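Open the model in your viewer and keep the sequence panel beside it. The stops below say what to select and what you will find there.

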Amino acid sequence: MSKQTAAPSSAAGAEEKSSAGVIDAPAEVDKKTLTRERDTAKAQQKSRLSGLDKETLVHLYRQMLLIRRFEEKAAEAYSAGKIGGFCHLYIGQEAVAVGALSAIRQDDYVLASYREHGHALAKGMSAESIMAELFGKATGCSKGKGGSMHMFDREVNLLGGHAIVGGQIPLATGTAFGSKYQGTDQVTLCFFGEAAVNQGAFHESLNMAQLWKLPCIYICENNQYGMGTSLERAMSLRDIAQKACAYEMASEFVDGMDVLAVREATQRAVERGRKDYLPTLLEVRTYRFMGHSMSDPGNYRTRAEIEKYQERDPIKLFSATLKEENISDDSELEQIDHEVREEVERAVRFADESPEPAPEELYTEIYANPIDPTRNRAQ
Amino acid sequence: MQTITIREALNQAIREELARDEKVFLMGEEVAAYQGAYKVTKGLLDEFGPKRVIDTPITELGFAGLGVGAAMVGLRPIVEFMTFNFSILATDQIINSAAKMLYMSGGQYKIPIVFRGPGGSAFQVSSQHSQAIESWYAYFPGIKVVMPSTAADAKGLLKSAIRDDDPVIFIEQERMYGNKGEVPDDPDFTIPLGVADIKREGKDVTIVARSLMVPLALKAAETLEQQGVSCEVIDPRTIRPLDIDTIVESVKKTNRVVLAEESHPFCGVNAEISTQIMERAFDYLDAPIKRVSGADVPMPYAKNLENLAVPNVDKIVAAVREVAYLD
């Protein structure tokens with residue numbers, strides 16, 4: 001992934017820099033247009049509320065907020081030197097992981113890219129085990145051997161963060177193959193960014209999945225930038241969902257800033273997968289509010305563009321919907337915020353206080369069946 | 001005992017393991033309806049059906065990764081590369097996924113998968129279809145690399161590889177599929193991974209050889225016997241993990257070593273074996289270690305040039321005579 005240079009001093013710093021170095025920035029954002037777009041999005045979200053009980057809705061809100069607060073804290077810990085290496089934040093994209101994962105069962109498989117803290121939380125992993133992994137501690141979900149880009153948890157079938165762009169796509173096709181081979185009705189959700197669509201792995205996988213009817217749901221989180229390269233500069237046909245036509249695969253465009261839209265589209269895909277072993281490509285249009293990684297100030301984006309998407313913040317949108325429809329109120333949402341902040345604080349304390357991996361761990365878990373030639377010669 | 005070809009021995013191993021364990025399946029290009037590009041998988045589609053013997057599109061990265069994913073959820077794939085030349089397209093999944101998954105998941109996801117197919121030099125197919133790339137795979141912790149040289153080893157080692165819980169690169173030699181040898185009838189016959197085999201005992205010079213170099217080394221040993229030189233021929237069989245102890249014990253006895261391999265000399269497996277001998281038995285050496293390798297050139301097409309590029313019996317004989325200070 002990206003070459004790490006220097007981390008900005010804080011999350012806010014990253015945004016300041018992006019504002020200072022903007023390209024083609026108009027003098028002012030057209031507030032009226034933004035308001036109109038936001039109101040349209042809100043109306044659409046409200047139309048998706050029917051049939052959903054309060055408990056489900058509040059849970060979705062809580063999970064999105066947990067990811068937001070977790071990532072804010074991760075950025076802080078990164079800047080404080082507690083987290084090393086790369087750290088790709090999910091802020092802005094929370095509705096995608098939360099909406100999609102709310103449509104599956106715990107025994108369904110999930111694979112994601114290196115921007116996977118949010119998916120890990122939404123799949124039900126504890127904030128403690130994820131934060132401890134970020135801190136490189138023995139109590140981390142991958143025992144401190146994987147780090148930010150390699151979260152795994154067998155208990156909840158989170159089969160990794162994978163750090164080669166598109167590398168998880170053939171793997172997810174394989175877990176879907178495994179479900180069909182073993183006659184289970186488990187589906188696989190495979191998350192990747194839009195830049196992965198240019199990799200051969202994407203096309204090879206979609207071809208096999210449709211050819212062999214494998215229950216894999218390919219969720220392209222189109223945040224419009226592969227690191228610093230915009231989609232316009234990298235892709236000839238930019239309507240990614242259309243690419244499914246090449247494989248006769250079902251596909252949809254989805255508003256990735258609306259948690260309910262993502263949930264509904266995923267539900268339709270899951271049904272196709274469970275009943276008929278059929279794959280689906282979802283192009284979920286979203287936006288990352290932060291840089292590609294902690295070292296990226298994001299100078300390639302305009303202030304207007306960032307403000308436009310901040311107006312569509314999936315958490316703000318959803319909280320407005322919940323309040324305006326009298327499903328929740330300020331005091332309840334503040335209480336949730338308080339609780340998730342506590343949860344994240346506990347995770348940081350846990351990670352801080354956890355021991356580093358023992359030095360002996362360097363040489364464990366390289367092979368499931370380590371071979372001792374001396375022992376084998378005696379056989 | 002049965003006398004069968006390496007091709008038949010491999011076929012038996014796959015058939016028996018498919019019959020033994022429902023979780024085992026075979027996939028690759030032309031493995032099913034076409035019966036295998038080299039007929040190693042002949043008859044398996046008829047016997048086990050299309051669910052377990054699967055023809056793939058020509059999509060090496062895709063089906064290698066699919067195999068790794070299937071292994072993550074409990075299956076035991078055998079992935080055939082029509083030749084290992086094509087595995088180069090799949091190296092991201094073999095190296096970045098298969099080899100590292102167990103470690104980077106903190107021990108949660110083992111990858112029991114076999115990547116197998118022919119490798120090494122073939123006959124007049126030029127640079128892209130005729131090369132030895134075992135040193136690439138042997139470089140990476142997390143992978144096991146196996147290269148059989150006889151029918152019995154082919155069968156016994158492949159069965160062990162399929163039963164093993166780690167990713168195994170299993171490289172057959174394209175020129176050797178028709179070589180015959182005795183193989184035990186017992187369907188539970190296996191050979192453990194990671195154990196070298198002394199193919200011929202001797203006292204004057206140790207020849208370490210693998211794959212195609214083993215029969216050549218044995219012929220060289222016969223010639224040298226007539227010249228009064230007794231050669232011990234050791235076949236590591238498994239390149240990683242390497243049974244260095246067996247090699248070192250032999251070196252301590254003979255004090256002279258020739259390392260033969262088809263691959264290019266630069267960063268080849270024998271460079272590693274040479275270093276380990278130096279580290280563990282330097283004081284026992286009576287002559288510098290001598291390597292016999294494939295030429296450090298892309299494989300040419302013309303027959304005469306190809307013959308010059310691949311090691312032969314004469315080159316091994318000459319190397320042994322050199323370390324024995326006979327010339």
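Start in chain B by selecting B:Phe25, which stands opposite B:Pro77 in strand 4 of chain B. Helices (H or I, at least four residues) and strands (E, at least two) are DSSP runs, numbered from the N terminus. Two strands pair if DSSP finds at least two bridges between them. This is a predicted model, in which local features need pLDDT of at least 70 and side-chain atom pairs count only at pLDDT 80 or more, while totals for chains, interfaces and linings use all residues. Residues are numbered from 1 along each chain as its sequence is written, and chains are lettered from A and ligands numbered from 1 in the order in which they are written.

**Stop 1: the sheet of 7 strands in chain B**

Extend the selection to residues 24-28 and 76-80 of chain B. These are strand 2 and strand 4, which run parallel and are joined by 5 bridges. Now show the whole open sheet, whose 7 strands have the order 3-2-4-5-7-6-12 with mixed pairing. Its edges are strand 3 (53-55) and strand 12 (238-240) of chain B; each has a single partner strand, so one side of each has no neighbour in the sheet. On average, neighbouring strands here are turned by 20 degrees against each other, direction ignored; the axes are lines fitted to C-alpha atoms, for helices over the stretch in contact, and angles run from 0 to 180 degrees between N-to-C directions.

**Stop 2: strand 7 of chain B**

Select residues 168-173 of chain B. Is this strand enclosed or open? In strand 7, 6 of the 6 residues are buried, so the strand is largely enclosed by the rest of the structure. A residue counts as buried if 20 or more other C-beta atoms lie within 10 Å of its own, as exposed if 12 or fewer do, and as partly exposed in between, with C-beta atoms placed from the backbone. Turn on the side chains: B:Val168, B:Phe170 and B:Glu172 point one way, and B:Ile169, B:Ile171 and B:Gln173 the other way.

Next add the partners of strand 7. Strand 5 (residues 114-119) of chain B runs parallel to strand 7 and is joined to it by 6 bridges, with B:Pro118 opposite B:Glu172. Strand 6 (residues 144-146) of chain B is also parallel to strand 7, through 3 bridges, and B:Val146 stands opposite B:Phe170.

**Stop 3: helix 7 of chain B**

Select residues 151-163 of chain B. At 1.5 Å a residue, the 13 residues of helix 7 should span 18 Å, and the end C-alpha atoms are 19 Å apart, which agrees; the expected span is 1.5 Å times one less than the number of residues. Because 12 of the 13 residues are buried, helix 7 of chain B is largely enclosed by the rest of the structure. Among them are B:Asp153, B:Lys155 and B:Lys159.

**Stop 4: the sheet of 5 strands in chain B**

Show the open sheet with the order 9-11-10-13-14, where the pairing is mixed. Strand 9 (197-200) and strand 14 (290-292) of chain B are its edge strands, each pairing on one side only. The average turn between neighbouring strands is 25 degrees, direction ignored. Strand 13 (residues 257-260) of chain B pairs with strand 14 in the parallel sense over 3 bridges; to see one of the partner pairs, select B:Val258 and B:Lys290.

**Stop 5: where the chains meet**

Colour the chains separately. The contact takes 38 residues from chain A and 41 residues from chain B; two residues are in contact if their C-beta atoms, placed from the backbone, lie within 7 Å. On the side of chain A that touches chain B, the elements giving two or more residues are strand 2 (158-161), helix 7 (168-181), helix 8 (200-211) and helix 13 (373-377) of chain A. Helix 7 of chain A gives the largest share, 9 residues.

**Stop 6: helix 9 of chain A**

Select residues 259-276 of chain A. Helix 9 has 18 residues and reaches 26 Å from its first C-alpha to its last, close to the 26 Å expected at 1.5 Å a residue. Its buried residues include A:Val259, A:Leu260, A:Arg263 and A:Gly273. After helix 9 of chain A comes A:Tyr277, whose phi is positive, near 55 degrees.

**Last stop: whole chains**

Zoom out. Chain A has 13 helices and 8 strands, and 52% of its 379 residues count as buried. Chain B has 12 helices and 14 strands, and buried residues make up 57% of its 327 residues.
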